[in-house]
Amino acid sequence: MTTRRYKAGKANQWRRFFANHLATAIAVASTVIVVAPLVAVFLYLLYKGASSLNLNFFTQIPRPVGESGGGMANAIVGSAVLLVLGSLLGVPLGIAAGIYLAEFGRGGKLANFVRFTADVLNGVPSIVMGIAVYALIVLPQKHFSALAGGVALGIMMIPTITRTTEEMLLMVPNAIREAALGLGVPNWRSVLSITLKTASPGVITGCMLAFARVAGETAPLLFTAFGNNFWSTSINEPIAALPLQIYVYAISPYDEWHRLAWAGALVLILLIVVSVALVRYVTTRGVLKGAS
Amino acid sequence: MPGLSIPSGPAPVSSSASNPDQPPSVVRSFLLSRGNSAWSDRAFKWLMLFCALSVFFIVALIAWQLLLRSRLTIAKFGLSFFFKSAWDPVSGDFGALPFIYGTVVSSLVALIIAVPLAVGVAVFLTEMCPKVLRGPLSFLTELLAAIPSVVYGLWAVFVLVPILREHVNPFLMKTLGWTGLFSGPNFGIGMLAAGVILAIMILPIISSLTREVMTAVPHSQREAVLALGATRWEMIRMGVLRNARIGIVGAIILGLGRALGETMAVTMVIGNRPEIAKSLLSLGYSMSSVIANEFSEASDDLYLSALIEIGLALFLVTILVNALARLLVWAVTRGAPARVV
């Protein structure tokens with residue numbers, strides 16, 4: 001009887017030992033499986049993109065089908081225009097909403113409500129944002145425009161900026177606010193030049209994350225900015241954008257265009273990664289750190 | 001013991017100001033109430049409040065516009081719009097069922113692939129990983145989230161689809177063909193390809209949120225289970241996963257929300273044919289990709305209205321899904337007491 005129970009316990013121990021190692025193996029394996037496609041995407045992108053990048057890509061506009069060469073210069077400039085327009089709308093609104101949440105609405109029902117709608121806005125599919133801006137701006141104006149694309153991107157930037165600004169402001173110790181107010185500084189001045197300045201590295205990082213997120217967005221631009229094969233910087237006309245151009249070229253049947261799509265994708269990724277890395281670098285060890 | 005709640009121990013508070021539920025301190029309200037520069041302060045406060053409320057106005061405006069512009073089909077078809085599979089722009093007969101089917105099926109495939117992997121990654125990174133690897137690995141998984149949708153689509157078209165067509169699909173047809181899920185012509189593109197690329201795209205979201213939830217489980221839980229002689233896996237299963245499961249479900253639902261609305265990559269590989277077929281290898285169409293493909297060609301008002309109604313449905317569903325997910329994640333990370341069941 002005792003031996004049997006002992007043996008059963010032994011078997012049980014083996015089972016537990018085995019399950020433990022199996023679980024470890026599965027966890028390690030799934031990490032490898034997850035990291036593998038990332039590495040694959042990056043390496044393939046580097047390989048394909050680097051072999052088709054040349055100076056023409058940055059200086060020329062797209063050529064018609066059949067002619068080789070050509071580049072995406074107009075799309076790069078167009079993306080820049082769209083992102084500047086988007087930032088002009090999204091950054092001030094987002095930061096202001098974040099300031100409200102952290103400095104005025106703390107703990108209130110209204111703040112919770114605003115926080116919740118920001119989360120909802122964050123979850124709205126980008127294609128739906130495209131339709132909404134189409135209905136709001138393109139339909140009344142009766143033509144596609146860079147302005148509409150910029151508005152769509154700007155709205156998509158707001159929730160990220162709002163939430164990071166709020167989080168960063170909440171990390172600023174209350175003593176600093178009290179010190180400012182105690183010196184007789186008006187509250188708005190204290191918020192802008194003391195609290196916000198102290199939190200600025202984090203706030204800027206949030207803005208850059210939002211920027212990086214919308215820089216690659218294609219769906220909201222499909223029927224707002226629409227794309228353009230020629231030079232245009234006017235905000236009242238359809239404008240080219242890098243992600244749009246990549247999409248059009250990727251689904252086309254021409255090898256030459258596929259090559260350009262890979263080059264475009266590489267430029268887009270580098271733009272996103274470099275801008276985020278640069279801001280991380282500047283905010284962690286550059287001049288801006290002096291504030292905190 | 002069912003329903004016994006254990007206090008979660010001292011919450012990690014980095015500074016007194018980091019708790020958003022806490023009202024401003026007494027000193028601060030005193031200083032504020034002295035009223036130097038009263039009007040400029042009030043104006044500033046109202047300006048900030050206006051900006052905060054504009055977030056709500058934007059959401060309301062989106063909803064209103066979608067509703068307004070889809071009133072033609074809402075009036076003509078009513079609820080039957082969502083249960084019909086006709087899609088005939090010429091004769092003006094529209095039903096969204098094939099697109100709903102495509103969206104739901106490709107998202108489910110994505111979840112089936114992504115959830116076990118994401119939880120595995122989260123378990124590895126929080127409980128097993130050597131400290132040296134943790135930073136770079138979590139950075140890598142976050143980086144997956146920074147790659148734009150259209151680049152994933154490009155990669156899927158030229159790398160993933162050929163791999164599926166040459167290697168994976170023939171294998172699936174041979175071994176699992178009898179289920180009927182993997183039969184028919186092998187195009188490479190189709191529901192399965194869309195599901196796989198969606199899985200890659202939602203993995204980082206699910207795994208980073210799962211990690212957040214698992215880190216929120218108090219250490220005393222782990223120590224208690226270990227002290228009873230549990231192995232590491234038993235500690236993870238009983239001490240961590242069981243306590244974090246509501247939050248993990250929240251993370252999964254959030255990933256689902258992202259998958260439902262994902263457009264570009266899906267459009268490039270799903271095949272774009274409005275059909276309802278049992279086989280995952282057949283071509284399909286999703287709600288977001290029909291909008292992306294046909295919106296700029298929609299010539300008459302009814303066609304446009306049908307597409308916008310699909311957008312409206314997508315909008316409402318993602319709002320519901322996201323709200324549910326946020327509630328679940330909040331319930332766990334907001335210091336709710338851990339439960340032993």
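This report describes a predicted model with two chains, A and B, and goes from overall confidence to single residues.

Residues are numbered from 1 along each chain as its sequence is written, while chains are lettered from A and ligands numbered from 1 in the order in which they are written. Because the model is predicted, local features need pLDDT of at least 70 and side-chain atom pairs count only at pLDDT 80 or more, whereas totals for chains, interfaces and linings use all residues.

## Confidence

The model scores ipTM 0.87 and pTM 0.86. The predictor's confidence in each residue is given as pLDDT, from 0 to 100. Chain A averages a pLDDT of 86, and 93% of its residues score at least 70. For chain B the mean is 84, with 87% of the residues at 70 or more.

Some stretches score lower. In chain B, residues 1–20 stay under 50 in pLDDT, and the model gives them 31 contacts beyond four places in sequence. Residues 336–341 of chain B are also below 50, and this stretch has 18 contacts beyond near neighbours in sequence. In chain A, the pLDDT is under 50 over residues 286–292, which have 14 contacts beyond four places in sequence. Here two residues are in contact if their C-beta atoms, placed from the backbone, lie within 7 Å. Where pLDDT is low, the predicted coordinates should not be read in detail.

## The two chains together

How many residues does each chain bring to the contact? Chain B brings 84 residues and chain A brings 76. On the side of chain B that touches chain A, the largest share is 20 residues from helix α2 (residues 38–69) of chain B. Helices (H or I, at least four residues) and strands (E, at least two) are DSSP runs, numbered from the N terminus. By class, this side of chain B holds 53 nonpolar, 23 polar and eight charged residues. Ala, Val, Leu, Ile, Met, Phe, Trp, Tyr, Cys and Pro count as nonpolar, Asp, Glu, Lys and Arg as charged, and the others, Gly among them, as polar.

## Chain A

Chain A is divided into domain 1 (2–52) and domain 2 (73–291), with bounds that come from an automatic or database domain assignment. The C-alpha centres of these two domains of chain A lie 38 Å apart. Their contact takes six residues from domain 1 of chain A and seven from domain 2 of chain A. The six on the domain 1 side divide into three nonpolar, two polar and one charged.

Helix α3 (residues 73–104) of chain A has 32 residues. From its first C-alpha to its last it reaches 45 Å, close to the 46 Å expected at 1.5 Å a residue; the expected span is 1.5 Å times one less than the number of residues. α3(A) bends by about 30 degrees at A:S87, where the bend is the angle between axes fitted to the seven residues ending there and the seven starting there. Of its 32 residues, 23 are buried, so α3(A) is largely enclosed by the rest of the structure. A residue is buried if 20 or more other C-beta atoms lie within 10 Å of its own, exposed if 12 or fewer, and partly exposed in between.

A:Y134 lies in helix α5 (residues 126–141) of chain A. Is A:Y134 buried or exposed? A:Y134 is buried, because 25 other C-beta atoms lie within 10 Å. Not counting residues up to four places away in sequence, A:Y134 touches A:L139, A:F223 and A:T224. A:Y134 and A:L221 are 87 residues apart in sequence, yet 9.5 Å apart in space, C-alpha to C-alpha.

## Chain B

Chain B has twelve helices and four strands. Buried residues make up 47% of its 341 residues. Among contacts in chain B between residues at least 6 apart in sequence, 77% join residues at least 24 apart.

B:G177 is in the loop between α6 (149–176) and α7 (191–216) of chain B. Leaving aside neighbours within four places in sequence, B:G177 is in contact with B:F182 and B:S183. B:A86 is in the loop between α3 (71–77) and β2 (87–88) of chain B. With the same kind of neighbours left aside, B:A86 is in contact with B:D93, B:F94 and B:G95.

## Loop residues

The table lists four loop residues and their surroundings.

| Residue | Other C-beta atoms within 10 Å | Class |
|---|---|---|
| B:G177 | 15 atoms | partly exposed |
| B:A86 | 13 atoms | partly exposed |
| A:F226 | 22 atoms | buried |
| B:N272 | 20 atoms | buried |

Most residues other than glycine have a negative phi, and most peptide bonds are trans. A:F226 has a positive phi of about 70 degrees although it is not a glycine. Phi of B:N272 is also positive, near 55 degrees.
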